[in-house]
Structures are given as C-alpha cells and as structure tokens.
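Subject: A structure for you to look at

Hi,

Here is the structure I promised to pass on to you. Please open it beside this email and follow along as you read.

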Amino acid sequence: MSTIAALAACTATPLAAQAKEMNGQWIVINNQETVKEILQDLSEKCGINLDFLFQGSCPDTPEVPAPDETQPEPPAVTPAPDVTQPELPAPTPSAPETSVPDSQPPVTEDEAETPPAESVHPYVLRIVELVNEEREKAGLNPVTLDAAASSAAMLRSREIVSSFSHTRPNGSSFSTALKEQGISYRRAGENIAWGQRSPEQVMEGRMNSSGHRANILGESFTHIGVGYHQENGVNYWTQLFYN
C-alpha cells in the first residue's frame, strides 16, 4: 500500500500534464508496452523499484495457502436395530362339521357295561342327557352310556388333537377304537368336534349339522360313548354310537 501511495503522489503532476497535452481528455492506454514504459519512467523519477510488476510476482505479498478441499469422511452410520416382528401362528380354523356313515360289523350278544355316574366327567353325563332329550323329541328310544365305548371315545378325543379326521392317525377307521375295547356291533357312527366351551354349545352345533344330527337321531343306535379331552385350553369332543 505504501508503494502505491508514493507512486500516486509522485505522478500526480505528470499524469495531469499528460492529460492536458491531450486536450484535457483522459484516455485509457491499452498498449502493454506503452504502459510499461510509462511505469518505468515514473519509477525512475520517484525512485521506486517496480521490477516486481514486470516479473509477475510481488515479494511483499504473503503466500496464501490453497484452501483444503479434502472432504472429511462421513461419520460411520450405525445400522438400525432389527425390528422384524416374529411370525405369528395362523389362527386355528373352525372345526369342520363332518359325519361318518355307519359301518356294518358282525352281530354280537355281548352286554354293554354302564359306568357309575360318580366316575364320569360331568360334561360326559350332560352330553348323554342332551342327546336323549333330542331323541325323545324325535320319538326315539334313549341311548345308554357305555363304559368301554366311552374309553374308545376318550382315545379318539386325544387323537383328533393332532389329526382332526374320522381316520385315525394310524390310517385305520374310527370304528377300530371300538373293536380295541372288545365291542362288537352291527352299526357305528362318530361325531367329533373341537373348540366348543360347553356341552350345550357342542350339541347346538351338532344339531345344526345334518351329518351329526343323523348320528344323534340314528334310530338303530342303542349305546353311546362320550369322550371329552382338554389340551392347551382347547376342548375336544367325541361321540361314538353303536348298536
């Protein structure tokens, strides 16, 4: 800044005189050599060294470092926690309403055994009571609760937990459960159900199903076995009819 101020003060008169010689008009000199000559002449008159102007550098000017254009590394991104929801089991479908046609086994004279009431689950006794109420409405004889048939029905109630079918897990017919209990019969039928909370509820569903209703009101049936089994809070119901 001191060099420029000194040069301005020293050259004020020559520049004004030069402008006057040019009819009072200020002109712009675009010729590089002319500018150089004027500046050299002025530097000699004013005793100022202007060599740095012609060498392309200014020793009095401090070097400014180039800006650091290096981009900082982005901070590491912590992966989001796994919020995958566990898969939920599919809801259990409603029990299908099915019935099995009566089989035709050989005739036997064996007498069925009625279990004592105190050894029977109240739900079993209530099922038998409701079945006979429906048979009475239809003008039919009541069926008798049979201990052996109830053992077979209880086995079937456990089996339908894993295989809700009138075919047993071993591939045989439901009626083989009766034969395993030593029961001989002419005809047999089975009603199965699950999920109902009371004997009344399961009987209502069965009477609204033509197949189940046909077994309950089977005219030739004389005996019944009832199986009630609960597993994981779910009720499984079986009725076995035979004559």
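Below is what I found, going from the whole chain down to a few details.

Please keep in mind that this is a predicted model. The protein has 243 residues, and 32% of them count as buried. It exposes about 16,100 Å², with carbon and sulfur atoms supplying 52% of that area. There are eight helices and four strands. If you walk along the chain from the N terminus, the elements come in the order α-α-α-α-β-α-α-β-α-α-β-β. Among contacts with a separation of 6 or more, 72% are between residues 24 or more positions apart.

Now for a pair of helices. Find α4 (residues 122–137) and α7 (residues 199–207): their axes come within 9 Å and cross at roughly 35°. The crossing of these two helices is right-handed. Which residues of α4 and α7 meet there? From α4 they are Tyr 123, Arg 126, Ile 127, Leu 130, Val 131 and Glu 134, and from α7 they are Pro 199, Glu 200, Val 202, Met 203 and Met 207. Sorted by class, this contact has eight nonpolar and three charged residues, and no polar ones.

Next, have a look at the strands. Strand β3 (residues 223–231) is mostly covered, as seven of its nine residues are buried. β3 pairs with two other strands that you can trace on screen. With β1 (residues 144–145) it runs parallel, joined by two bridges, and Leu 145 has Ile 224 in β3 as its bridge partner. With β4 (residues 234–242) the pairing is antiparallel and spans nine bridges; here Glu 231 is partnered by Val 234 in β4. β3 and β4 form a hairpin that leaves two residues between them. Asn 232 sits in that turn and has a positive phi of about 55°.

One last spot to visit is Ser 175, in the loop between α5 (147–159) and α6 (176–180). Is Ser 175 buried or exposed? Its relative accessible area is 7%, and because buried means under 20%, Ser 175 counts as buried. Its C-alpha atom is separated by 8.6 Å from that of Leu 240, although the two residues are 65 apart along the chain.

Have fun exploring, and do write back if you get stuck on any of this.

Best wishes

Terms used
Residues are numbered from 1 along each chain as its sequence is written. This is a predicted model: local features need pLDDT of at least 70, side-chain atom pairs count only at pLDDT 80 or more; totals for chains, interfaces and linings use all residues. Side-chain values use heavy atoms; hydrogens and water are left out. Axes are lines fitted to C-alpha atoms, for helices over the stretch in contact, and angles run from 0 to 180 degrees between N-to-C directions. A crossing is left-handed if the near helix is turned anticlockwise from the far one by less than a right angle, and right-handed if clockwise. Contact means heavy atoms within 4.5 Å. Ala, Val, Leu, Ile, Met, Phe, Trp, Tyr, Cys and Pro count as nonpolar, Asp, Glu, Lys and Arg as charged, and the others, Gly among them, as polar. Buried means under 20% relative accessible area, exposed over 50%, partly exposed in between (1.4 Å probe, protein chains only). Two strands pair if DSSP finds at least two bridges between them. Accessible areas come from the Shrake-Rupley method with a 1.4 Å probe; for residues, only the protein chains shown count as cover.
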